[in-house]
Amino acid sequence: MNVHLKEVWVLFFLLGVIMLNYPFVQIFNKDVLVFGFPLLFLYFMVGWPISILIVFLFSRNMQQRREEDRSGEEKEKPGP
Amino acid sequence: MIAVELVAAISVLYFGLLFMVAYWADKRREAGRSVTSNSYIYSLSLAVYFTSWTFYGSVGRAATTGLDFLPVYLGPTLIAFSWWFLLRKMVRISKEHNIVSIADFVSSRYGKSAFLGAVVTIFAVIGIMPYIALQLKAVSHTFDLLTVLPETVGPGVKELIPVLPPYIDTAFIVALFLGVFGVLFGARHLDASERHEGLVAAIALESLVKIVAFVAAGVFITYGLFDGFTDIFQRFLTEYPEREHLLLLGGSQTSYSMWFSLTFISMMSVMFLPRQFHIMVIENSNEEHIRDAMWRFPAYMFLINLFVIPIALGGLLLNQGDTGNADYFVLQLPLQTGHLWLALLVFIGGFSASAGMVMVESVALSTMILNHLVMPVILKLRIQAADISGLLINLKRIGIIAVVFLGYLYYRIIGESYALVAIGLISFMAAAQFAPAIIGGLFWRRATRQGAAVGLILGFMVWFYTLLVPSFIRSGWLDSSLLDQGLFGLALLRPLELFGLTGFDIWSHALFWTMFFNVGAFVAISVMTQPAGSEEEQGAKFIDALLPQPEVLERKRISKAPTIMEFVDLMTKFIGEKQAHTAISHYLGDREIDERGSLSEYELPSLKRFTERTLAGSVGAAPARIIIENYLATRGSRMEDVFDIFGSVTLSRTASREQLSVLFESARMVASGADLQVILDDILDLMVQQFKFDLCVIRLLDDDKNTLVVTAQKGMTSSHLGQSERNLSMDTYIGTAFLTNSVTMVNDTDYIELPASAQIIHREGISSFAHAPITIEGDPVGVLSAFSRSAKGIFTEEFVELFKNLAAQVGVALRNARQTGRLIEAREQEKEMQIAKTIQLGLLPTRIPDIPGLRLAGRCVPARQVGGDYYDFLSRRENNIDLLIADVSGHNIGAALIMAETRTFILARARELASPGLIMQAINEFFYDDLTSTELFITMFYLRYDADLRHLTYANAGHNLPLIWRGRSACCERLDAEGLILGVKRAVAFEERSTTLEPGDQLLLYTDGITEAEDADGNFFGDERLCELLGAYHELPPEAIIDQILDQVRLFTGSQGFRDDVTLVVMKVS
């Protein structure tokens, strides 16, 4: 499970690097207003919290799994 | 404007609040109820990253160059993805190794290198100084801004004229305050590993104030002064369409390369700035907190950055597009619009940002300075004081103040001329230089100290040249011709276009060149060099830090469970009896001990680990493991002696790590049980390699020649020193060593004493040498010699001790080998005996001839040592029988074979030879040559009985005299006839005698195993007793008589077995 987790984090990291840099950013690098916001500003200010949300969801999931593991272990332990 | 008094009072009050919070947190910690040990406080304290540089400078940057303030926050958000395996690893390592700073971390990774620690410290101080200057600048500037008249800060005002008289230096006062605060909460105790909870609490509170103040200002400007985000964007784009690049990327102001560079630099610096490292790693109280910080910290940054662009654009709109004061828009806008309380809140927020950074940074840097710059000097000076802790804590306090004031000095000299962001980024780039050595060290086994050191130094040199030098030039400190023409007028060395690399912004340019040299040197030199032993060991610990520790789970049984006392004995050998007992009682403390006073089998593995750890404290981790594993593997065997030898050395504790490791390595070789020659060669190889001897020789005593003969030799070829034998004489050093059973050595051959040795030693160019006797059970059996051509004085007292122990180990190896040899010999003998016994037993008759009027029985009881006893019954004709009994001297296969031959001879020839005398004569002649050549002889008694005539004819070849018990007279007769033992003389005539037997008579043949059986007093059983027994049991059948006789002999000797073979033949006439 740990190895799997590490790979996912690395994947997110690489995805983040790609989405934050040329040429990906170029897609949004336009002189356009969307809902009154400059497109690039909107991209960053929406993409950023989304990435934070992903980390949040993922770390919560990680914690739950860990707690389940722990409680599972405790159940398996034989009584005194 | 706000009155100076009010601003000062509020500042001091806020300072007091911070102090109280910090004090409270420290008290709570002392009471054991920590307030800071939770993931909220941890995440908040990480926001110490967010300094006044970004508090004010982000807006300034956004207003002047656009979006490029963002990478400084996007980078950390990205790297946070990696925290679960990067940061957690760093935290785990730091906790396990008691690491207290980033310099400590780097130095520990590379084999506790003091040099690397010092390098990192110096670079960190130089790199961070501008950053501290920046904080002081921000606080003092905003203070002035708050207190001047409103009209003097209006649009277009470049020069701020402080309201305070020039002799009051705000920056100085601020520096003083921050320094004192750092001392109060960063240097109250000396133990740097102790976490500073008060400091963390104050930082967390400051982070809270920062975000509240900034968001409040943002909301006020966006929604109070304007009509929300869209309103600001719309108005800005209408009013300043030519500045739409501020909202775009890829233009001349914010190129993509710069965007990437800034992201990268920020990613690295959020990990490796000394203060970030301190707060994230050292002050971390629980690894689990990292998981929440991974999203809370980015969320904090997002929230604070949400309003940067609105504030910047709003500021531009309200200041008619003037960017002169853009760095302070956050403060200026509320001030301009008369919202003084908000301005004050913003000022406190900015002050928090500065104060937090300066305090943590100064504490972190002073710890590094103390540990890596001052401490080595103190140790070198050998300051003799009973307790220097008082001195050290004061040095640390001075360090904190000094760091803050170095920043102040920098600010006074340079700071005014540069924009906030630029100064900050210079420090960021400095922190990024630590990245290759640390990240490489965390994941790359081959990374070496040399690589890390050269990479760091080169990186910093390039950093200095491409960033710091241009900043000096801009502030007028250096001549600007350097910038245009390059160093020494070489265009290739232009600081901003190094080696002709043009077209890049200053950050990308500097990043490329610093990383090019830093990473390049790190990788290249690491590949070319070998990590030292200790380095490799440390490296493995760092790299494998997050691997699950298999030994924790491993609870397999140790076969042949050792007892607690065995572990105590082992520890005693290394750490002394008292400490060993203290350690074990400490360990046992509350553990379960079963009724037999021993640990349960599942406790043993952990006791093993405990012992290993205890030993590691005294001999190092790797040797401890070797000792434990070898000890358990060889427990109960003679290898334990090897461990006894360790004990005597390690107890002295003066031997160096390298020397000890040689000893352990050689012990491992001895314990390996390999072939003796291999062991000896390996030990010599080890000595040659580790101590750079030119020649090492082992000579062993040859008992026959009484000389010392070369058994193993390594190093240079020297026919005399390395190959020839040595007489045992006091004229040579080697002879003296052997004869006196002590080490002889010459540390400088210019002053050699024994003339016999001098000539050859000088001819071979030997500078120093030593001989140590190799002993077995204390007796010398050989000499271990070492020669060095280059080093004089190598044989110090300590080294001689080691040398002696190596010789002792060679002795153990020899003894083991000899014992093994003897064992093999004995085994072979035993095998031979077994063969002989099989032959012998195979010769004995399996069937008793059926002759009317005769009852026969015979038995041979072999002793432990096989004998050459033999008896046989031969029936040549009906009612006619030959009886013979013989004993071959010697107890081996040869004897058994002779016996087999004899039997064959008799079987073949007995029929044709007329009488016992002739048979004996024939046997003697036939076997004489064989018997003399094998040095064997045979005694034999041969009888021929005619049952019809009851006539007995017999001849004797030196055998025990058979007995006849006459039924009529109830007394014994001895049958005797002249004759020599077979194999003594070639031609012997054997006398032949005869007698007649009556019914009721008994004949007894026996070998000397019966008559020479001894009792406790050494008396023989003798034939008298035999005779009595024959009389006593004459009514029994022959089998039973034999049983009775054997029982009586056993009773007589008092033992169940016989020392020699016992053979009995009984014939009864009826």
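This tour goes from the two whole chains to their contact, then to two sheets, a helix pair and one further helix of chain B.

**Before selecting anything.** The model is predicted, so local features are reported only at pLDDT of at least 70 and side-chain atom pairs count only at pLDDT 80 or more, while totals for chains, interfaces and linings use all residues. Residues are numbered from 1 along each chain as its sequence is written, and chains are lettered from A and ligands numbered from 1 in the order in which they are written.

**The whole chains.** Select chain B, which has 40 helices and 16 strands; here helices (H or I, at least four residues) and strands (E, at least two) are DSSP runs, numbered from the N terminus. Of the 1070 residues in chain B, 48% are buried, where buried means that 20 or more other C-beta atoms, placed from the backbone, lie within 10 Å of the residue's own, with 12 or fewer counted as exposed and anything in between as partly exposed. Among the contacts in chain B with a separation of 6 or more, 75% join residues 24 or more positions apart; two residues are in contact if their C-beta atoms, placed from the backbone, lie within 7 Å. Then select chain A, with its two helices and two strands, which run α-β-β-α from the N terminus on. Buried residues make up 16% of its 80 residues.

**Where the chains meet.** Show both chains together: 29 residues of chain A are in contact with 31 residues of chain B. On the chain A side, helix H1 (2–19), strand E2 (37–38) and helix H2 (39–76) each supply at least two residues, and H2(A) gives the largest share, 13 residues. By class, this side of chain A has 20 nonpolar, seven polar and two charged residues; Ala, Val, Leu, Ile, Met, Phe, Trp, Tyr, Cys and Pro count as nonpolar, Asp, Glu, Lys and Arg as charged, and the others, Gly among them, as polar.

**A sheet that begins with E8.** Now select E8, E9, E10, E11 and E14 of chain B, which form an open sheet in that order with antiparallel pairing; two strands pair if DSSP finds at least two bridges between them. At the edges are E8 and strand E14 (993–996), each of which pairs on one side only, and the twist averages 15° from one strand to the next. Although E8 (residues 868–874) is an edge strand, five of its seven residues are buried. Seven bridges join E8(B) to the antiparallel strand E9 (residues 880–888), with B:Gly868 partnered by B:Val888. Five residues lie between the strands of this hairpin, in which B:Asn879 takes a positive phi near 60°. At the other edge, strand E11 (residues 951–957) and E14(B) pair over four bridges, and B:Thr953 stands opposite B:Ser994. Add helix H36 (residues 893–909), which lies across E8, E9 and strand E10 (938–946) at about 15° to E8(B); such angles run from 0 to 180 degrees between N-to-C directions, and the axes are lines fitted to C-alpha atoms, for helices over the stretch in contact.

**A sheet that begins with E7.** Next select the open sheet of five strands in the order E7-E16-E15-E12-E13 of chain B, again with antiparallel pairing. Strand E7 (854–861) and strand E13 (971–974) each have a single partner strand, so one side of each is left without a neighbour in the sheet. Within the sheet, three bridges join strand E12 (residues 963–966) to strand E15 (residues 1002–1006), and B:Ile964 has B:Leu1003 as its bridge partner. Helix H39 (residues 1022–1032) lies across E12, E13 and E15, running at about 35° to E12(B).

**A pair of helices.** Move to helix H14 (residues 308–318) and helix H15 (residues 329–336) of chain B, whose axes come within 10 Å and cross at roughly 50°. The two are therefore oblique to each other, a term for angles that are not under 35 degrees (roughly parallel), over 145 (roughly antiparallel) or 65 to 115 (roughly perpendicular). To see the contact, display B:Ile311, B:Ala312, B:Gly314, B:Gly315 and B:Leu318 in H14(B), which meet B:Phe329, B:Val330, B:Leu333 and B:Gln336 in H15(B). These residues divide into six nonpolar, three polar and no charged.

**A last helix.** Finish at helix H5 (residues 87–96) of chain B, where seven of the ten residues are buried, including B:Leu87, B:Met90 and B:Ile93. H5(B) is followed by B:Asn98, which has a positive phi near 55°.
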